[in-house]
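Hi there,

Here is the structure I promised to pass on to you. Have a look at it first, and then read my notes below.

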Amino acid sequence: MTSPLPAILLTLSLFSIPATVAAAEKSYGTSLDSIAHADLGPAADVFVRNNRAYVAGTESLHILDITNADAPQPVGKLSGLGGVRQLVVSGDHAYVTSREQGLFIVDISDEQNPRLAKHYETIEFATGIAISGNILFVACRHYGVEIIDVSAPDSPVHLSTVRTGEAQSVAVRDDLLFTGVWASSEVVIVDVSNPRKPTIISKVPLDGYGDGVDVAGDFLYAATGHHSKDRPKKNPGDPGFGHGHGLEIINIANPKNPEFVSRIKFPPFYDRGKDTWRVTIANNHAFVSDTYNGVFVVDVKDPANPKTVAHYKLPISPKTDIPGPVGGLAPINDRILVAGSETDLHIVSAPNLAKPVVHRKQPAKPIPPREESSLANGYAPNGQVHAVAFLEDDLAVLACGVDGVHVVQLWPEIKPITTLKTGGFTTDLAVQNNTVLVAEGRGGLSVCKWSPDTQKLTRLSNYREGDRPIRQVEWPPGPHALVQEGAGTFKIINLDEPANPELVLTDSHPGLLYGDQTMQGLTDENLACIFWHVSGLHWYDLSPGKKPTYTGDNFPGRTGSPNGLVALGDKTLTTTRGGYLLLDPSERRPLEELNVIKALDSNDHLGTPTLFDNLLIAAHRAYGTITVVDISDPMAPKQLDRFTITGNPGRVHLRNNHLVIPGGHDGLILKKLPPTSAPPSS
């Protein structure tokens with residue numbers, strides 16, 4: 001989670017660091033020293049096997065010879081991997097997560113010339129990673145953990161997703177998956193003996209936000225951070241604010257009934273910039289990375305009585321005047337390789353403490369055949385179906401991820417018409433008058449023309465800047481397309497001349513753009529809206545004949561990253577927990593002071609909305625739920641239908657009295673409206 005700090009938190013961070021570091025030197029054992037660094041620049045993670053270190057650096061995978069660990073030597077490098085986060089190595093392949101750019105699988109059989117074997121489209125931001133035999137586990141943030149068959153690494157196959165909550169990091173042993181879950185502060189334990197049907201068997205509460213996990217013997221080790229769970233933690237100064245940092249030890253001899261054993265705390269700290277905490281067990285010691293707090297070495301010979309025996313803090317970051325944050329680490333003989341996410345890969349002396357991790361080779365697991373979905377009436381391309389739009393009443397155009405764009409006739413029978421290959425993962429599209437805008441991920445934004453006569457799509461132009469993926473596009477009435485680029489950038493592009501798209505506005509605000517966070521349509525005042533998950537909703541004036549501008553209006557409420565926006569008259573309808581709000585740009589009251597218009601019996605997030613006359617249809621992409629609500633009276637909505645699919649649904653459309661659902665790995669799904677749902681009059 002990366003975003004600029006509000007001033008009050010930045011002030012807190014800057015003033016708390018020196019005090020907590022000084023305390024660490026006195027109270028957290030021996031102060032360890034860095035004796036060398038690798039001259040790679042910022043490093044996110046490191047994995048060691050034999051005398052090789054594999055380092056996820058700035059958009060790159062580095063391979064280092066560490067025969068002499070104090071003088072690592074470069075062996076090979078592959079660039080172009082985006083915002084790398086974690087990695088694991090197995091056999092002849094390295095698997096590197098890259099947040100919004102998915103998963104990169106790198107063939108390392110020729111160490112001097114590593115090559116990209118596959119760029120795989122994960123279901124959401126790829127963060128944590130673990131492997132067991134031929135099964136890869138990727139933590140995909142709010143969407144849980146994606147399970148992938150890598151029996152043939154050049155051709156990975158999605159098997160299933162387990163909805164654990166906001167998954168950060170993962171560990172796997174035998175048939176058990178352990179997932180560190182973020183704001184719900186827990187470890188979720190999953191039976192993955194059938195990788196097609198993972199089953200949650202237990203949850204372990206933690207005192208801080210969950211992230212790194214490791215397993216040794218009968219014990220689970222969980223690294224925690226941010227805020228203490230059971231004490232007030234909303235504001236700086238609250239007793240739980242920043243006090244979540246530490247290591248927790250749980251007995252998992254019976255994984256269905258795990259038992260808390262002990263907990264050890266590190267200095268309190270809070271920063272919403274680099275915020276990762278990880279743990280690796282070796283030589284009866286836990287090696288814990290705790291971002292700005294540094295590295296802690298904890299003696300866990302007696303799990304009931306852990307003792308911090310050593311501590312290391314990184315050099316001052318070139319970006320700030322405080323110690324740099326730690327990413328991943330790897331213990332080797334008498335040394336710890338520490339990835340500094342703003343500095344370098346550091347070699348830290350840890351005599352008599354550090355020993356290398358022994359990576360157990362797991363046998364390949366047989367993969368059961370895929371079962372057909374109970375909602376199998378639809379269309380299944382070779383990629384995820386992220387979005388659907390319509391050229392004509394019966395002619396759908398689909399954003400099919402790695403499989404590009406498909407044009408499909410839906411009625412009277414489902415029939416593929418044509419396809420268009422794209423330069424990246426196709427995650428969204430929009431249509432006006434036979435012109436199709438295609439969000440191609442790293443391939444940019446393409447402007448295409450549909451010919452009813454030839455039944456072909458022709459690319460007219462392409463807009464791109466570097467390799468930051470374009471992930472969402474909205475095209476309200478008029479010449480201006482609204483684009484989400486990368487993890488947090490919003491752009492407006494003028495399409496008066498489709499063959500020459502022109503960038504007219506670039507903006508960003510604190511927080512991330514996780515997905516469908518641009519409003520569909522314009523308000524009566526020609527306002528567009530987009531929300532960043534930290535700083536809330538922001539409005540933009542798209543009045544005809546004017547250059548688009550940010551109005552300066554900002555509703556700061558955190559309505560929830562799974563939700564979305566749709567225009568309703570002069571209001572912006574934003575879904576949130578339990579229902580929705582109707583906002584105008586002048587609203588400034590805190591979210592908790594507003595009355596949510598309840599559309600659900602529960603307090604769940606509703607998801608991304610679309611409007612069809614008096615019907616609100618919301619798709620929660622992370623949970624797989626789809627809800628149909630009658631809003632004939634917007635102040636008194638009536639739920640008409642609610643169901644769940646196994647895939648990850650995008651914005652739902654309505655055609656021919658059917659819900660047309662882009663269902664991710666479930667493909668395109670057609671489902672008749674429930675009998676109680678009157679179709680729109682238009």
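Strands β8 (residues 93-97) and β9 (residues 103-107) run antiparallel and are joined by 5 bridges. Strands here are DSSP runs of E with at least two residues, numbered from the N terminus, and two strands pair if DSSP finds at least two bridges between them. One bridge to look for links Ala 94 to its partner Val 106 in β9.

This is a predicted model, in which local features need pLDDT of at least 70 and side-chain atom pairs count only at pLDDT 80 or more, while totals for chains, interfaces and linings use all residues. Residues are numbered from 1 along each chain as its sequence is written, and side-chain values use heavy atoms, without hydrogens and water.

Now zoom out: β8 and β9 belong to an open antiparallel sheet of 4 strands, ordered β7-β8-β9-β10. At its edges, β7 (87-90) and β10 (115-120) each pair on one side only.

Next, the largest nonpolar core (buried Ala, Val, Leu, Ile, Met, Phe, Trp, Tyr and Cys residues joined through side-chain atoms within 4.5 Å; buried means under 20% relative accessible area with a 1.4 Å probe, protein chains only). It has 33 residues, and those touching the most other members are Tyr 54, Leu 61, Tyr 95, Leu 103, Ile 108 and Leu 136. Strand β9 gives the largest share, 4 residues. Beyond four places in sequence, Leu 136 is in contact (heavy atoms within 4.5 Å) with residues including Val 88, Tyr 95, Leu 103 and Ile 148.

Finally, the pLDDT (the predictor's confidence in each residue, from 0 to 100) averages 92 over the chain, and 94% of the residues score at least 70. Over residues 1-25, though, the pLDDT is below 50.

Happy exploring!

How values were computed: Buried < 20%, exposed > 50% of the residue type's maximum accessible area, 1.4 Å probe, protein only.
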